[in-house]
Protein chains: 2
Amino acid sequence: MSHDPASGQNHLLAALPDPVRERLLPHLEQVALPLGKVIYEPGDRLTHVYFPTDAIVSLLYVMENGASAEICVVGNEGLVGIAVFMGGESTSNRAVVQSAGLAWRLPGQRLKDEFDRHGELLLLMLRYTQSLITQMAQTAVCNRHHSIDQQLCRWLLLSLDRLTGNELNMTQELIANMLGVRREGVTDAAGKLQRLGVIEYSRGHIKVLDRPQLERLSCECYAVVRSETQRLLPYLPLRT
Amino acid sequence: MSHDPASGQNHLLAALPDPVRERLLPHLEQVALPLGKVIYEPGDRLTHVYFPTDAIVSLLYVMENGASAEICVVGNEGLVGIAVFMGGESTSNRAVVQSAGLAWRLPGQRLKDEFDRHGELLLLMLRYTQSLITQMAQTAVCNRHHSIDQQLCRWLLLSLDRLTGNELNMTQELIANMLGVRREGVTDAAGKLQRLGVIEYSRGHIKVLDRPQLERLSCECYAVVRSETQRLLPYLPLRT
DNA sequence: AGGCGTCTGTTCGCTAGCGAACACAGTGGG
DNA sequence: CCCACTGTGTTCGCTAGCGAACAGACGCCT
């Protein structure tokens, strides 16, 4: 389990026993995921799964009227395309690149082949899926009960956990789409955080200055997802 | 795949190939699930899974301050306790009986044993899990964007699909807990539906008079979940 | 029959978030 | 170097939903 950043690390891949990973390796192809790229649309038959290394992908649902809401986030701790092995082949969500970067791409069939060997890969994928489920459930709760202020904190922390460094490139407009709220609401919330000295904001560039404070201002949802993910996937490095 | 109602039908069990079901049968025990019974609490190590026949179980998250929100619903189309085979053994949700009835109970270990044979059961469970995921994702969206009126319609339809007949026993207080809103909000919404002649309400007893109208008044979320479930689990009978 | 507890309906003021509109400031391309 | 565009800040009125408090109504139990 090397932590060489240059090699592009995905922790799910890294957690596989060597023989399994070596079987997959020849079929892994590194691809660039530019900001805004749609990896799949609702109903698309998935041909590949993606293991992000330094990219972040959001799964979001787009309503008939065009409004959207993020369901969950995937970074180097996971993979995009669980429908491939869950059996549905497609989902009702859209997967969009939220932060540009690289990912390992694997043909769905290769994953299924390995899946059918019923080894460590299956167990790992299922556990990962359960952690995704936790994230979705918590998103539902958060959408119901928490203020935009709190949700912004949660969202920043989720993103931060999937990046190196303490900066993220993300306009308020984009964040608003993810959270499913108005851009003005995000401007408000971000303004408050900036005045508190928790973040520094400037034209699509956010620097987090005080992570502990951010965690305090966030709703409980972040901590729930984090600790549950940690429980399910203990091999994941934990940022603080 | 008998449809004898007296025998207590769970469609997930019914969809299993005969040999698989016959292996499970000796370990299935019919249990009564009274209204309000808590099947498991967050963090509980699950010992059994439950296949409801005429009971309905809600998975809901209870926040630190006691407020709650429903994550998804399970009736005779599914099972309670996916964490058993997903590998986490527990979840961060609570499972509560929303409508009293019977269920088949199976020791978790028996399910895992069968799971490890990597046959039809595994595939079916994964597909069912994906349909649950769809429901959760849609709940998140719905919580963000739709009015209590619309959500009540969605919720009534989800419950109706899991019951026989067109009546449900459910106080407004209870519904409010599920939706994560105030009881007064539900009173309002239910009052409107009653004035429209869509439902008849009286002290915890609801009769649905005009299902098509209910579907029209509901947000798109119900239809999305329904059609996706149908796609993933085509053996399920479809109510109209 | 009486009484009590549960369920439903209604009120009031309040706030968060919405929709629309507009002003201003960086920034990058011609 | 200037212009156009993109990103951010701010305003106004409006509505949905909240919190609290209370009134009636039904039904069960004694």
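Visitor: What turn and what shift lay chain A on chain B, and with what RMSD?
Guide: Chain A can be laid on chain B by a turn of 180 degrees with a shift of 0.0 Å along the axis, and the RMSD is 0.0 Å; that is the relation of a two-fold axis. The superposition is by least squares on the C-alpha atoms of residues with pLDDT of at least 70 in both copies. This is a predicted model, in which local features need pLDDT of at least 70 and side-chain atom pairs count only at pLDDT 80 or more, while totals for chains, interfaces and linings use all residues. Residues are numbered from 1 along each chain as its sequence is written, chains are lettered from A and ligands numbered from 1 in the order in which they are written, and side-chain values use heavy atoms, with hydrogens and water left out.

Visitor: Which C-alpha of chain A is nearest the axis?
Guide: That is the C-alpha of Ala140(A), which lies 1.8 Å from the axis.

Visitor: And what do the interface residues say about how the copies meet?
Guide: The copies meet through the same surface, because 100% of the interface residues of chain A are also interface residues in chain B. Contact here means heavy atoms within 4.5 Å.

Visitor: On to the DNA, then. Which residues come nearest to strand C?
Guide: Of the 14 residues around DNA strand C, the nearest are Arg182(A), Gln172(B), Arg183(B), Arg203(B) and Gly204(B), where a residue is near a strand if one of its heavy atoms lies within 4 Å of it. By class, the residues of this surface divide into 3 nonpolar, 5 polar and 6 charged; Ala, Val, Leu, Ile, Met, Phe, Trp, Tyr, Cys and Pro count as nonpolar, Asp, Glu, Lys and Arg as charged, and the others, Gly among them, as polar.

Visitor: Which element gives the most to that surface?
Guide: Helix 8 (residues 183-195) of chain B does, with 3 residues; helices (H or I, at least four residues) and strands (E, at least two) are DSSP runs, numbered from the N terminus.

Visitor: How about strand D, which residues are closest there?
Guide: DNA strand D is surrounded by 14 residues, and the closest are Gln172(A), Arg183(A), Arg203(A), Gly204(A) and Arg182(B). Here the largest share of the surface, 3 residues, comes from helix 8 (residues 183-195) of chain A, and the classes are 3 nonpolar, 5 polar and 6 charged residues.

Visitor: What share of the strand atoms within 4 Å of the protein is sugar or phosphate?
Guide: For DNA strand C, 44% of those atoms belong to sugar or phosphate and the rest to bases, and for DNA strand D the sugar or phosphate figure is 49%, again with the rest in bases.

Visitor: Which bases or phosphates does Arg203(A) or its neighbour Gly204(A) reach?
Guide: A polar side-chain atom of Arg203(A) lies 2.6 Å from a base oxygen of DNA strand D, and one lies 3.4 Å from a base nitrogen of DNA strand C. A backbone N or O atom of Gly204(A) is 2.7 Å from a phosphate oxygen of DNA strand D.

Visitor: And what does Arg203(B) do?
Guide: An N or O atom in the side chain of Arg203(B) is 2.6 Å from a base oxygen of DNA strand C, and a polar side-chain atom of Arg203(B) lies 3.2 Å from a base oxygen of DNA strand D.

Visitor: Back to Arg203(A): where does it sit, and is it buried or exposed?
Guide: Arg203(A) lies in the loop between strand 9 (199-202) and strand 10 (205-208) of chain A, and at 85% relative accessibility it counts as exposed (buried means under 20% relative accessible area, exposed over 50%, partly exposed in between, with a 1.4 Å probe and protein chains only). Its phi is positive, about 45 degrees, although Arg203(A) is not a glycine.

Visitor: What is phi for Glu89(A), and is that residue buried or exposed?
Guide: Phi of Glu89(A) is near 70 degrees, a positive value in a residue other than glycine, and with 15% relative accessibility Glu89(A) counts as buried. The residue is found in the loop between helix 3 (83-86) and strand 6 (94-99) of chain A.

Visitor: New topic: what is the side chain of Ser58(B) paired with?
Guide: The side chain of Ser58(B) makes a polar contact of 2.8 Å with the side chain of Gln98(B), a polar contact being a pair of N or O atoms within 3.5 Å; within protein, one must be able to donate a hydrogen and the other to accept it, and residues adjacent in sequence count only if both atoms are side-chain atoms. Ser58(B) lies in strand 4 (residues 56-62) of chain B and is buried, with a relative accessible area of 0%.
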